[in-house]
Amino acid sequence: MPRHNKLKKFDGGVASTWEAEAISSGEEQLEEEFIQSPIAQQPTSLSKFIGTMPIVTNGRLIYVAHPSTLIEPGVHTQYVEEQIHTDTVPLDGGILLKTLALSSDLYMRKRMRDPSIKMAFPALTLGKVVDNFGVGVVLRSENPSFKPGDHVYGYLNFENYSVVHPAPGAETSKDLFQVFKKLDKHPDLPASIYVGSLGMNGQTAYSAWTAFAAEKAKTSKTLFVSSGAGPVGTFVIAYARSTAPHLKIVASAGSPEKLQLMREAGADVVFNYKTTDAAEVLAEHGPIDIYWDHVAGATLDAAIQNMNLFGLIIRVGTNSGNAAGIQNTAMFVYKCLCMQGIQVGLGDTMNKALEGFQEAATKLVLDGKLKNTETRYHGIKEAGNALADIHRIQTLGKTVIVVD
C-alpha cells in the first residue's frame with residue numbers, strides 16, 4: 001500500500017515540508033521522517049521522563065530466530081510489552097535508563113547468527129532483548145558515576161526502560177561493544193545524531209580516514225566513494241571536502257535521491273551504479289588515488305582497474321554480497337597498490353585515530369559542514385521494521401529508532 005514520507009529540510013532555521021509517495025512492500029504502514037539538518041530539533045525536557053508516571057509500559061524487541069536471508073519482523077524479532085514501576089523497580093546498584101534513540105545498522109544482520117560462528121561482532125542471543133548502540137537518559141541511579149538527568153551512550157537494549165549495571169571500566173573501554181559512558185550531549189542537537197554522524201558511523205569514517213587516508217590525501221587528486229549515500233559514506237565525503245578541499249570526489253549510489261544526498265555532502269561527480277558503467281566513469285575522472293570501498297564486487301574491480309600508481313583502497317564493507325570474482329588483482333603488483341581493511345574500534349591504530357573525534361565532528365555539524373540525514377522509525381514497536389528495511393534498501397541516510 002502507498003505511504004507518505006514526511007521530508008523535512010532545515011535551512012537557516014526555517015523549515016519547509018513536502019510529502020513524497022513511496023511504495024510499501026506490503027508491510028504495516030510506517031511513518032518515516034527524513035530530517036536533514038545540522039540542528040534538527042530542540043532538546044527534550046527531562047520533566048517528561050522524571051517523576052511523572054511511575055507505572056509505565058515497557059516495550060521490548062526480542063530476538064527469536066536466526067534468519068537465513070532477510071530479516072522478517074514477527075519471525076526473527078518479536079515485540080512484547082510489560083508493565084514496570086519506575087519508582088520501585090530494583091536497581092541493585094545499577095541505574096534505571098529511559099531509552100531515547102537506537103541505531104539500525106547493516107552489521108546487525110551479521111549478529112543474527114549461531115554464536116558458535118565467530119565474528120568481530122557479538123552474536124545476538126535467542127530469547128533475549130536485541131541491543132545496539134543507543135542514547136538514553138538516567139531516571140534513577142544507585143551508581144555513584146551516574147545521576148538522574150545524565151545522558152549516556154553505549155550498547156543499549158531495544159526497550160523503553162532498562163536497568164543497567166555498567167561493567168567496570170565501561171566508561172573508558174576501547175571495545176565499542178562494551179562501552180557505556182556519560183554523553184556530553186549538545187543542547188541544540190537531537191539524541192539520534194549520536195548514533196549516526198556523532199556515533200559509530202561517524203567514528204568509523206573519522207578514524208579510518210585519519211589513520212590511513214589523511215596523509216595520502218594531502219598529495220592526492222581524486223577520491224572515489226562507493227555506496228556513498230550511507231551514514232559512513234556521507235561523513236567521508238563531507239569530511240574529505242572539509243579537510244582536503246583540493247580533492248575531486250567521485251561517489252556512487254543507486255537512486256536519484258541518494259545521488260542528491262552525495263552532492264549535498266560535497267561530492268563533485270555522482271553516478272548511479274545501476275544505470276551507469278562504473279569503469280567508464282572512473283576512467284573519465286580518474287585515475288583514482290584513494291578508493292573508499294563499501295561494496296566489493298564489480299565496483300571494486302572497476303576501481304582497481306582505474307587506480308593510480310601507489311593508490312590506496314580502504315575496505316569498509318561488502319554491501320554487494322560479492323567479494324569474489326575480482327579480475328584485476330595483478331594490478332596490485334603493476335601499480336603498487338595498497339588495500340587496507342578496517343573495523344571501528346579494532347586495533348591500536350584505529351583507536352588512536354578516534355582521539356578528537358567528538359570535538360571535531362560536533363563542530364562540523366554545528367557549522368553546517370556535516371549534514372545529518374535520517375530515516376526515523378518511532379517507538380520500539382517499529383524497531384523490527386527498522387532492522388529489516390535497511391537491508392531492503394528502503395531507507396535514506398542514517399536509520400534510527402526514536403524512542404522518546
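Colleague: How do you know that a polar contact joins the side chains of Glu 374 and Asn 372?

Modeller: The two side chains come to 2.7 Å. A polar contact is a pair of N or O atoms within 3.5 Å, where in protein one must be able to donate a hydrogen and the other to accept it, and residues adjacent in sequence count only if both atoms are side-chain atoms. The value of 2.7 Å is within that limit, so the pair is a polar contact. The side chain of Glu 374 also makes a polar contact with the side chain of Arg 376, again at 2.7 Å.

Colleague: What do these values rest on?

Modeller: The model is predicted: local features need pLDDT of at least 70 and side-chain atom pairs count only at pLDDT 80 or more, while totals for chains, interfaces and linings use all residues. Residues are numbered from 1 along each chain as its sequence is written, and side-chain values use heavy atoms, with hydrogens and water left out.

Colleague: Why does Glu 374 count as buried?

Modeller: Its relative accessibility is 1%. Buried means under 20% relative accessible area, exposed over 50%, and partly exposed in between (1.4 Å probe, protein chains only). At 1%, Glu 374 is under 20% and therefore buried. Glu 374 lies in strand S17, residues 373–378; strands are DSSP runs of E with at least two residues and helices runs of H or I with at least four, both numbered from the N terminus.

Colleague: Why is Thr 373 given the term buried?

Modeller: Thr 373, also in S17, has 11% relative accessibility and therefore counts as buried. S17 is mostly covered, with five of its six residues buried.

Colleague: What makes S17 and strand S18 a pair?

Modeller: Two strands pair if DSSP finds at least two bridges between them, and S17 is joined to S18 (residues 398–402) by five, the two running parallel. Five bridges satisfy that condition, so S17 and S18 pair. One of the positions along them is Thr 375, which stands opposite Thr 399 in S18. The C-alpha atoms of Thr 373 and Gly 397 are separated by 5.0 Å, although these residues are 24 apart along the chain.

Colleague: What kind of unit do S17, helix H10 and S18 make?

Modeller: They make a right-handed β-α-β unit, with H10 covering residues 383–389. Right-handed here means that, with the strands pointing away from the viewer, the path from the first strand over the helix to the second runs clockwise. S11, helix H3 (residues 231–243) and S12 also make a right-handed β-α-β unit.

Colleague: How do you know that both faces of strand S11 are covered?

Modeller: In S11 (residues 222–225), Thr 222 and Phe 224 are buried on one side, and Leu 223 and Val 225 are buried on the other. S11 pairs in the parallel sense with S12 (residues 248–253) over four bridges, and with S14 (residues 288–293) over three. In S12, Phe 224 has Val 250 as its bridge partner, and Val 225 has Ala 251. In S14, the bridge partner of Leu 223 is Ile 290.

Colleague: Which order do the six strands of the open sheet have?

Modeller: The order is S13-S12-S11-S14-S15-S16, with parallel pairing. S13 (269–272) and S16 (338–341) are the edge strands, since each pairs on one side only. From one strand to the next, the twist averages 15°.

Colleague: Why are helices H5 and H6 called roughly parallel?

Modeller: H5 and H6 (residues 297–305) pack at about 25°, with axes 9 Å apart. Axes are lines fitted to C-alpha atoms, for helices over the stretch in contact, and angles run from 0 to 180 degrees between N-to-C directions. Under 35 degrees counts as roughly parallel, over 145 as roughly antiparallel, 65 to 115 as roughly perpendicular, and the rest as oblique. The angle of about 25° is under 35 degrees, so the two helices are roughly parallel.

Colleague: What makes the peptide bond from Gly 286 to Pro 287 cis?

Modeller: Its omega is near 0°. Pro 287 is in the loop between H5 (278–285) and S14.

Colleague: Why is Asp 92 exposed while Ser 227 is partly exposed?

Modeller: Asp 92 has 65% relative accessibility and therefore counts as exposed; Ser 227, at 26%, counts as partly exposed. Asp 92 is in the loop between strands S5 (77–85) and S6 (95–104), and Ser 227 in the loop between S11 and H3. Asp 92 has a positive phi of about 50° although it is not a glycine, and Ser 227, not a glycine either, has a positive phi of about 50°.
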